[in-house]
Amino acid sequence: MIITLRAAAASDSEFCFELHKAAMGGYVTTVWGWDEQVQREFHARAFDPGSWQVISADEADAGMIDVDYRPGEIYLSRIELLPGYQGRGIGTGLVRELIDEACRRGQELALDVLAVNHRARALYQRLGLREVGRHGEGGIKIAMRSGN
């Protein structure tokens, strides 16, 4: 499978919303409850085609990633894959590349994961990220960092 990234365009907004619903809807429902209008409004504020990238697998749109290069760290703001592409090594490969890049820069990879997203948290732990704190109401988000 050939994995590529391309800059998101304004026309990718609906794909990215439906992707978020498919990939994260269950977790959002568990933590906050899913309200379609609220989620669409949140997406309209968050969608950033200047920063987001669409993940393609064999030329088919499979997910999205948003990486923020900060002065002291690389922050993985979001990575989401359609359920049919999960568990196929795509996320593992992309996160591993970010960890390697952070290491080359003398930095760490930082991210937040919902505490209820055990699958993603387990992936990040397998890749060597460690929990460094919890935040949000009731500790719903776990802050994780790679080590140098």
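This briefing covers helix H1, the aromatic pairs and one contact between a charge and a ring. The structure is a predicted model. Helix H1, made of residues 13–31, spans only 24 Å between its end C-alpha atoms, where a straight helix of 19 residues would span 27 Å, and H1 bends by about 70° at Met24.

**Helix H1**

- The buried residues of H1 are Cys16, Phe17, Leu19, His20, Ala23, Met24, Gly25 and Val28, a list that includes Met24, the residue at which the bend of about 70° is placed.
- These buried residues pack against helix H2 (36–46) and also against three strands, namely S3 (60–69), S4 (73–81) and S5 (108–114).
- Just after H1, Gly33 takes a positive phi of about 90°.

**Aromatic pairs**

- A search of the whole structure finds two aromatic pairs.
- In the pair of Phe17 and Trp34, the ring centres are 6.2 Å apart and the planes lie at 50°, so the pair is tilted.
- Because Phe17 lies in helix H1 and Trp34 in the loop between H1 and H2, this pair ties together parts that are 17 residues apart in sequence.
- Phe17 is buried, with a relative accessible area of 1%, whereas Trp34 is partly exposed, with a relative accessible area of 22%.
- Phe47 and Trp52 form an edge-to-face pair, with 5.2 Å from centre to centre and 85° between the planes.
- Phe47 is buried at a relative accessible area of 14%, and Trp52 is buried at 4%.

**Charge over a ring**

- Arg70 lies over the face of Tyr75, at 4.1 Å from the ring centre.

Notes:
Residues are numbered from 1 along each chain as its sequence is written. This is a predicted model: local features need pLDDT of at least 70, side-chain atom pairs count only at pLDDT 80 or more; totals for chains, interfaces and linings use all residues. Side-chain values use heavy atoms; hydrogens and water are left out. Helices (H or I, at least four residues) and strands (E, at least two) are DSSP runs, numbered from the N terminus. The expected span of a helix is 1.5 Å times one less than its number of residues. The bend at a residue is the angle between axes fitted to the seven residues ending there and the seven starting there. Buried means under 20% relative accessible area, exposed over 50%, partly exposed in between (1.4 Å probe, protein chains only). Contact means heavy atoms within 4.5 Å. Rings of Phe, Tyr and Trp (its six-membered ring) pair if their centres lie within 6.5 Å; planes under 30 degrees apart count as stacked, over 60 as edge-to-face and the rest as tilted. A charge sits over a ring if NZ of Lys or CZ of Arg is within 6 Å of the ring centre and within 35 degrees of the ring normal.
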